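Biologist: Hello! I am new to reading protein models, so could we look at one together and go through it step by step?

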Amino acid sequence: MKLIRTLSISIFLLLLVGCKTPQNSVTKEHELSTFEKLASIENVVTIEKREPVSHFDENYEIWFEQPIDYNDLSKGTFRQRVLLGFENATEPVIVELQGYGIGTEKAGELASHYKSNQLNIEHRYFNDSRPKTIDWNTLTIENAAKDQTRIINAIRKAVYPNAKFISTGISKGCQTTMIHRRYFPENVDACVCYVGPLNFEREDPRVYEFLNNVSTQENRDKVKAFQNLCFENRTALLEMMKEAAIEKDMSWEFGVDKAIDYTILEYSFAFWQWGTPIESIPTESASAKEIYNHLISVVGYGFFEEKAVDNLQPYFWAALTQQGIYGYETAPFKQYLNTEEIYKFDWAFPEGITKPFDPIPMKEVQTFLDNSAEDMLFIYGEYDSWSATAVELEKDASDRDVYKFVQPQGSHTTRIKSFSPESQKEIYNIIDGWLKE
């Protein structure tokens, strides 16, 4: 009897299923987890689920295998680091395009504001995202833009097929963001760029003009007076730098004697870049130790010291070949330096290789911004030294939803939260509109 009963139930179930439409008869497929979706990406070589941070439900570290040179695949591949903060597959994806290595897993300003997903892409050849041996000629803005596009396309297809993507970056990351947009204007839906220069020469002279006109004459005079004070106390400052070199195991490719001069010349740029308070500048009565401590607190050792330069080598290569930098005017200090020659960064090339600066790529970015760019927003600080070469927009740029906001007296740390509540509302209304389109 038990066998007959079992057969009867089976026949009943078969008849019941047979009476249903094909749509209802399909068994629900296994829904892949985010980890499984990411792991299925063809050029992902490793993936690790990490402890959640910020508002994200899940966090992942992903390594993509990327071509060293998209124009010559025979040169092999390198591995590029990516962090994904997953919140929801339908929420926007904020793409943090780094100009350097990834500094944090936490949500940036936009991802925090919108409680959205965040895709964080380390720039090629920074930190561990580099081949064992670097062919420096493959570190181009176009290759980098192709890296980012390849990653964005793969993540979108695997996890976020219906989400909006907004790219963003800070400083060199802002350069990276506008360059990516110029090469692949349809790859993301919009861009928010923070405090990024658009240089047209290796030593862009607009920086000198800016430093000679920023803030007020009184404040500029105080900065210049401190630099003079440093040169007047140069012998003592040099000895302190030599002591610091022994204590911190530091060295300089051009020697410590030149390093103190570069540090003093950098002071004005760094002072305005980081918004150092005017009242913090030592007076003429300050001791040599106080002068040195203030100088280093503003400039630091990380721009000229040999190990620091090695870590920043990809930055210097990009700046010296395509993206531009600046130099130092020595004429105002001729009595101390016995020269009016511009101090440059040619010494920062990788050992044994140099290359002429190519101004065309950055000029092409400007042409793109002038004529066809859409849905882009730029944030700057008025007193930031890098605002010397800030993006300039045509009068009709807003017709294409391209905007620029400048925070009065702002520094390189200027963000949307730096603005007045009214300006913040205006900025976020623009971004809201992009997300709703």
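Modeller: Gladly! Let us begin with a term: a residue counts as buried if its relative accessible area is under 20%, and as exposed if that area is over 50%. Please keep in mind that this is a predicted model.

Biologist: Let me try the term out. Is Thr276 buried or exposed?

Modeller: Thr276 sits in the loop between α10 (256–273) and α11 (288–299). Setting aside neighbours within four places in sequence, Thr276 has contacts with Ala270, Phe271, His294 and Val298. Its relative accessibility is 17%, and the cut-off is under 20%, so Thr276 counts as buried.

Biologist: How far can I trust the model, and which stretch has a pLDDT below 50?

Modeller: The protein chain has a mean pLDDT of 93, and 93% of its residues reach 70 or more. Where pLDDT is low, the predicted coordinates should not be read in detail. The stretch with pLDDT below 50, which has one contact beyond near neighbours in sequence, is residues 1–28.

Biologist: Thanks! Now the sheet: which strands are at its edges?

Modeller: The sheet is open and mixed in its pairing, with nine strands in the order β1-β2-β3-β5-β4-β6-β7-β8-β9. On average, neighbouring strands are turned by 20 degrees against each other, direction ignored. An edge strand here pairs on one side only, and the two edge strands are β1 (44–50) and β9 (402–407).

Biologist: What about β5: how many of its residues are buried?

Modeller: Asn117, Leu119 and Ile121 point one way from β5, while Gln118 and Asn120 point the other way. Residues on both sides are buried. β5 is therefore largely enclosed by the rest of the structure, and the count of buried residues is five of the five.

Biologist: β5 lies between β3 and β4 in the strand order. Which of these pairs with β5 in the parallel sense?

Modeller: Strands of a sheet pair through backbone hydrogen bonds, either parallel or antiparallel. β3 and β5 are antiparallel and joined by four bridges, with Gly85 opposite Gln118. On the other side there are five bridges, including the one between Val93 and Asn117, and the parallel partner is β4.

Biologist: How does the chain get from β4 to β5, and what is the handedness of that crossover?

Modeller: The path from β4 goes through helix α4 (residues 109–114) and on to β5. This is a β-α-β crossover, and its handedness is right-handed.

Biologist: How are α5 and α6 arranged: roughly parallel or roughly perpendicular?

Modeller: The contact involves Ile141, Glu142, Ala145, Gln148, Thr149 and Ile152 of α5, which meet Thr176, Ile179, His180 and Tyr183 of α6. The two axes are 9 Å apart, at an angle of about 80 degrees. Angles of 65 to 115 degrees fall in one class, so α5 and α6 are roughly perpendicular.

Biologist: In β8, which residue is the bridge partner of Val192?

Modeller: Strand β7 (residues 190–194) and strand β8 (residues 376–381) run parallel and are joined by four bridges. Helix α16 (residues 421–436) lies across β6, β7, β8 and β9, at about 155 degrees to β8. As for Val192, its bridge partner in β8 is Leu377.

Biologist: One last residue: is Tyr315 buried or exposed?

Modeller: Tyr315 belongs to helix α13 (residues 313–323). Leaving aside neighbours within four places in sequence, its contacts are Tyr100, Phe126, Lys172, Phe303, Ile325 and Trp386. With a relative accessibility of 9%, Tyr315 counts as buried.

Definitions and conventions:
Residues are numbered from 1 along each chain as its sequence is written. This is a predicted model: local features need pLDDT of at least 70, side-chain atom pairs count only at pLDDT 80 or more; totals for chains, interfaces and linings use all residues. Side-chain values use heavy atoms; hydrogens and water are left out. Two strands pair if DSSP finds at least two bridges between them. Axes are lines fitted to C-alpha atoms, for helices over the stretch in contact, and angles run from 0 to 180 degrees between N-to-C directions. Contact means heavy atoms within 4.5 Å. pLDDT is the predictor's confidence in each residue, from 0 to 100. Buried means under 20% relative accessible area, exposed over 50%, partly exposed in between (1.4 Å probe, protein chains only). A crossover is right-handed if, with the strands pointing away from the viewer, the path from the first strand over the helix to the second runs clockwise. Angles under 35 degrees count as roughly parallel, over 145 as roughly antiparallel, 65 to 115 as roughly perpendicular and the rest as oblique.
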